[in-house]
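Here is a short briefing on one protein chain, written for a reader who is new to structures. Please look at the sequence and the model before reading the points that follow.

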Amino acid sequence: QLTEAQQRRQKAIETDKLNPGYHYLQVTIFQEQGQEEAAVQALKKCLYIDPDFILAHFTLGNIRYRQKNPEDAGKHWRNALTLLETYSDVDSVSMEDGLTAGRLREIIKTTFSRLKG
């Protein structure tokens, strides 16, 4: 169903080019297809449109961590943690799966501790 998702995403972007959520959808498609560098470029586009897009920072940090780039991973995780400071633990940061700010904070801190450890 990736082809259908790609078509819907393209139509959505044509309607609203400055919606970072539509570009983030492209990231998930690229990741499903194993196109990690394309996902990185799409994440950079998300962050260009909205530098405060928490999930883009988090995801880019994860990709950079897998790519053995701990400095860049840490930078994006720190950005996400800083942005999360304005959220309460129960605030949702993801419309799709109901991920809360508290849970995302916990995930980042746990992963970040492995980087430092």
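Helices (H or I, at least four residues) and strands (E, at least two) are DSSP runs, numbered from the N terminus. Read in that way, the protein chain follows the pattern α-α-α-α-α-α along its sequence, which amounts to six helices and zero strands. This is a predicted model, in which local features need pLDDT of at least 70 and side-chain atom pairs count only at pLDDT 80 or more, while totals for chains, interfaces and linings use all residues. Residues are numbered from 1 along each chain as its sequence is written, and side-chain values use heavy atoms, with hydrogens and water left out.

**Overall shape**

- The radius of gyration, taken over C-alpha atoms, is 14 Å, which agrees with the value near 13 Å for a compact globule of 117 residues, the globule rule being 2.2 Å times the number of residues to the power 0.38.
- Along the principal axes, the C-alpha atoms of the protein chain fill a box of roughly 40 × 30 × 25 Å.

**Burial and core**

- Of the 117 residues, 40% count as buried, meaning under 20% relative accessible area with a 1.4 Å probe and protein chains only.
- The largest nonpolar core (buried Ala, Val, Leu, Ile, Met, Phe, Trp, Tyr and Cys residues joined through side-chain atoms within 4.5 Å) has 28 residues, of which Leu84, Leu104 and Ile108 touch the most other members.
- Elements giving two or more residues to this core include helix H5 (70-84) and helix H6 (101-116).

**Contacts**

- Leaving aside neighbours within four places in sequence, Ile108 is in contact (heavy atoms within 4.5 Å) with Phe58, Trp77, Ala80, Leu81 and Leu84.

Note on methods: Buried means under 20% relative accessible area, exposed over 50%, partly exposed in between (1.4 Å probe, protein chains only).
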